[in-house]
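Here is a short report on one protein chain. Please look over the sequence and the structure first.

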Amino acid sequence: MNFPINSRVLLAWQQRCQPLSGAHYKAVSCRMWRMSLHYDLHSHSIASDGTLSPVELVTAAHDAGVDVLALTDHDTLDGLLDAARTARALGVQLVPGVEISVSWQSQTIHVLGLGVDPGNETLQAGLAGLREFRHWRAEEIGRRLARAGIGGCYTGARALAKGNIVGRTHFAQYLVAAGHARSVREVFKRFLVNNKPGFVPGQWTSLEAALEWIHTAGGLAVVAHPARYHMTSSKLRRLIAEFRAGGGAGLEVVSGSHSRDNITAMASLCRNENMLASCGSDYHGPQNPWIKLGQLPALPAGCQPVWESDRWPLQ
C-alpha cells in the first residue's frame, strides 16, 4: 500500500477551509473552524480487533456526526485505503493512524500515531515485525489453552478474525460462544491475564523505536488511554518524561475507557507536563454498547487539543 495520504487524501479539508476567507484563507480562520469540529481520534476496524470493516466504520462515524475520525488499528495500516476512499465520498476527514504495542518497564502500553504516512517504509517494516509476534502469540495462546483442556481455540479465534490479526479479543469471543464464559470480560479474568492458562506475555517494540517509526512517517505520537495502565503517579510521570524526551506529543485525556475522575486526573497531568490533549472512543464495534463513536465529553478547560499543533496533518 503506497499512497501519499498526508498530501492528497486531505485535499477536501483545504477546499472546505477556503470559503472562510476567500482563496487565500487565513490560518486563524481554519484554526477556529477546527475547534468547532467533532473529533474521534481512536477507533478500530476488522483490520485488527474491531468488528466493522473500514467502510462500515467510516459510514458509522459519518452517521454519528463525527467530522474527523482517526482509524488506529493495532500494529497495522491495512484498513486505511478503504477508509480513506469512504471518507472522501462521505465528507468525513480521515486521520490515518495506528496503535503501536510497546513494552515499557515490563508493562504493555499503547502509543497512537496520528497523521502517519501509510506508505512509509520504516513504519511498515516495524509494524510487520509486531504482526509476526502477534501471529506466534495467537498460536501459543491456542496451545496453552489446549494444555488446559480447552481445544480448538486458535481455529475458533482465527475464524472470528476478519483481517490478518488474531488477537486476544477473538479468543475471548470464541470462548464465550463456546460456552466457557458468559462475557468477554470474564474470559480475560479467567483465561487471558497473568497467571491464567492462556496468558502469553507481550514482547513488543521499545518506546524509543515506536516514536521513531511515528516521527519518520510524519505523525504525532499520543499515549493511548493512560489511566488504563493503573500506574502509580510517579511511574506515569516517568513514562511521560521518557515519552516527551523521545518527541512524544500528547496524552489521550478523554477515552472511552476513562471515568470522569480519570479524565480529570489525566487533564491535570497533561497541563502540568505541558502535553497536548487528545480524545478518542477506542471504538471496536456495536458489540460494546457502552462505547459509541464520537460520543465523548469535551476536553477539560486548559487542555490544548492535539489538533491545534503545528504538526497536525489537517492544516
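## Helix 12

Helix 12 covers residues 260–272. It has 13 residues and reaches 18 Å from first C-alpha to last, close to the 18 Å expected at 1.5 Å a residue. The model is a predicted one.

Which residues of helix 12 are buried? They are I263, M266, A267, L269 and C270. Seen down the axis of helix 12, these buried residues fall within an arc of 165°, so they line one face of the helix. That buried set packs against helix 11, strand 6 and strand 7. The face turned away from the buried side carries the exposed residues D261, T264 and N272. After helix 12 comes N274, with a positive phi near 60°.

## The sheet

The packing partners of helix 12 include strand 6 and strand 7. The sheet is open and has seven strands. Their order is 1-2-3-4-5-6-7, and the pairing is mixed. Strand 1 (39–40) and strand 7 (276–280) stand at the edges. Each has a single partner strand, so one side of each is left without a neighbour in the sheet.

Strands of a sheet pair through backbone hydrogen bonds, either parallel or antiparallel. In which sense do strand 3 and strand 4 pair? Strand 3 (residues 93–104) and strand 4 (residues 107–114) are antiparallel, with eight bridges between them. Within this pair, V102 stands opposite I109 of strand 4.

## Helices on the sheet

Helix 5 (residues 80–90) packs on the sheet. It touches strand 2 (68–71) and strand 3. The direction of helix 5 makes about 155° with that of strand 3.

Helix 11 (residues 233–245) also meets strand 3, running at about 120° to it. Helix 11 lies across strand 4, strand 5 (220–223) and strand 6 (250–255) as well. Helix 11 is also one of the elements that the buried residues of helix 12 pack against.

## Salt bridges in helix 6

Side chains of opposite charge can pair when their charged atoms come close. Across the whole structure, nine salt bridges are found. A network of them links E140, R143, R144 and R147.

R144 and E140 form one salt bridge, with their closest N and O atoms 2.8 Å apart. Both residues sit in helix 6 (residues 121–147). They are four residues apart there, and therefore separated by about one helical turn. E140 also forms a salt bridge with R147, at 3.8 Å from N to O.

How do the partners differ in burial? E140 is buried, because its relative accessible area is 10% and the cut-off is under 20%. R144 has 25% relative accessibility and counts as partly exposed. R147 is exposed, with a relative accessible area of 62%.

## A salt bridge between distant segments

D282 and R228 meet through their side chains in a salt bridge of 3.4 Å, N to O. Which parts of the chain does this pair link? D282 lies in the segment after strand 7. R228 lies in the loop between strand 5 and helix 11. The two residues are 54 residues apart, and the pair links distant parts of the chain.

D282 is buried, with a relative accessible area of 7%. R228 counts as partly exposed, at 38% relative accessibility.

How values were computed: Residues are numbered from 1 along each chain as its sequence is written. This is a predicted model: local features need pLDDT of at least 70, side-chain atom pairs count only at pLDDT 80 or more; totals for chains, interfaces and linings use all residues. Side-chain values use heavy atoms; hydrogens and water are left out. Two strands pair if DSSP finds at least two bridges between them. Contact means heavy atoms within 4.5 Å. Axes are lines fitted to C-alpha atoms, for helices over the stretch in contact, and angles run from 0 to 180 degrees between N-to-C directions. A salt bridge is a side-chain nitrogen of Lys or Arg within 4 Å of a carboxyl oxygen of Asp or Glu. Buried means under 20% relative accessible area, exposed over 50%, partly exposed in between (1.4 Å probe, protein chains only). The expected span of a helix is 1.5 Å times one less than its number of residues. The arc is that of the directions from the helix axis to the C-beta atoms.
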